[in-house]
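The exercises below ask you to read contacts, exposure and strand pairing from a single model, and each is followed by a solution that goes step by step. Please try each task on the structure before turning to its solution.

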Amino acid sequence: NWTALNESIDKPLLNRALRGLYPPGSTYKPFMALAALELNKRSPSMIVSDPGYYNFGGRTFRSHEGGLGALDMHRAIQFSSNTYFYSLAVEMGVDAIHDFMKPLTFGQSTGLDLRGEVRGVLPSMAWKRNTYKRPEQQRWYPGETISLGIGQGYNSFTMLQLAHAMATLANGGIKYKPHLTMATENVITRERVPLASPPPENLGYKPEHVRTVIDAMTAAT
């Protein structure tokens, strides 16, 4: 039985919530939209044309076949336009994306009181310089930023990080540290000492920005 579990291609012993690393895909788009609002890169009403692709540096990045037409931020989230978020990523740049996403704990330890949590990768220019050895690999190329906008590329996060960020968004920018331990217990006396939940942190998002993103996510359902 151990051999079957240990050698299974499904990896049933892997704690995917804490140790599985994945690109978040389109679930990243609401956070990109929030970043655009908070950093004054785009307004909710700004219109972007989605012809079904995005051209950059002689390469075509695909979106919905046939395109989605003229989109404001609400419709871009509702219909998950790749083109909208490709262009937004280019406008923001990798380091601005990194700096906004870091407090949401993307690519960071959430501080969960269980062992084994991995950090993943929230890319930046500094991360690439420190990760690769050859000079041509250390350089950040503009085309690498594009796929970050739709949660692809070097983005690599745990499911706990995504759930934690989404809970923070749903809470209006109030971040709670993931917390499981209610108390410690003396194994001899059985005396229990309650542990207080860590205090929340307000990331300072404007309520109207949060509402714009949440309303669009609601429309997606």
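**Exercise 1.** In this predicted model, find which residue forms a salt bridge with Glu 185 at 2.8 Å between the closest N and O atoms, and then work out which residues are linked in a network with Glu 185.

*Solution.* Begin at the carboxylate of Glu 185, where the partner with closest N and O atoms 2.8 Å apart is Arg 192. Next, look for a further partner: the side chain of Glu 185 also meets that of Arg 190 in a salt bridge, with an N to O distance of 3.0 Å. Both pairs satisfy the criterion, because a salt bridge requires a side-chain nitrogen of Lys or Arg within 4 Å of a carboxyl oxygen of Asp or Glu. Joining the two pairs gives a network of salt bridges that links Glu 185, Arg 190 and Arg 192. As a last step, consider the exposure of the members: Glu 185 is partly exposed at 35% relative accessible area, whereas Arg 190 is exposed at 54% and Arg 192 is exposed at 59%. The count of salt bridges by this rule comes to 7.

**Exercise 2.** Determine how Asp 215 and Arg 211 are placed relative to one another in helix H11, and state whether each is buried, partly exposed or exposed.

*Solution.* The two residues form a salt bridge whose closest N and O atoms are 3.1 Å apart. Turning to the backbone, Asp 215 and Arg 211 lie 4 residues apart in helix H11, which covers residues 207-220, so about one helical turn separates them. For exposure, Asp 215 has a relative accessibility of 34% and counts as partly exposed, and Arg 211, with a relative accessible area of 45%, is likewise partly exposed.

**Exercise 3.** Establish in which sense strands S2 and S3 pair, and then describe the surroundings of Ser 63 in the loop between S3 and strand S4.

*Solution.* Strand S2 (residues 53-56) pairs with strand S3 (residues 59-62) in the antiparallel sense, over 4 bridges. Within this pairing, Asn 55 stands opposite Thr 60 in S3. The two strands form a hairpin with 2 residues between them, and Gly 57 in the turn has a positive phi of about 60°. Moving on to the loop between S3 and S4 (69-71), one reaches Ser 63, which counts as buried at 15% relative accessibility. The side chain of Ser 63 reaches the backbone nitrogen of Asn 82 at 3.2 Å. Leaving aside residues up to four places away in sequence, Ser 63 touches several residues, among them Asp 50, Gly 52 and Tyr 53 as well as Ser 81 and Thr 83.

**Exercise 4.** Decide whether Gly 25 is buried or exposed, and identify which residues Gly 25 touches beyond those up to four places away in sequence.

*Solution.* First locate Gly 25, which sits in the loop between H2 and helix H3 (29-38). Its relative accessible area is 10%, so Gly 25 is buried, given that the class covers values under 20%. The residues touched by Gly 25, not counting those up to four places away in sequence, are Ile 150, Gly 151 and Gln 152. Finally, compare sequence with space: Gly 25 and Gly 151 are 126 residues apart along the chain, yet their C-alpha atoms are separated by 4.1 Å.

Key: Residues are numbered from 1 along each chain as its sequence is written. This is a predicted model: local features need pLDDT of at least 70, side-chain atom pairs count only at pLDDT 80 or more; totals for chains, interfaces and linings use all residues. Side-chain values use heavy atoms; hydrogens and water are left out. Buried means under 20% relative accessible area, exposed over 50%, partly exposed in between (1.4 Å probe, protein chains only). Two strands pair if DSSP finds at least two bridges between them. A polar contact is a pair of N or O atoms within 3.5 Å; within protein, one must be able to donate a hydrogen and the other to accept it, and residues adjacent in sequence count only if both atoms are side-chain atoms. Contact means heavy atoms within 4.5 Å.
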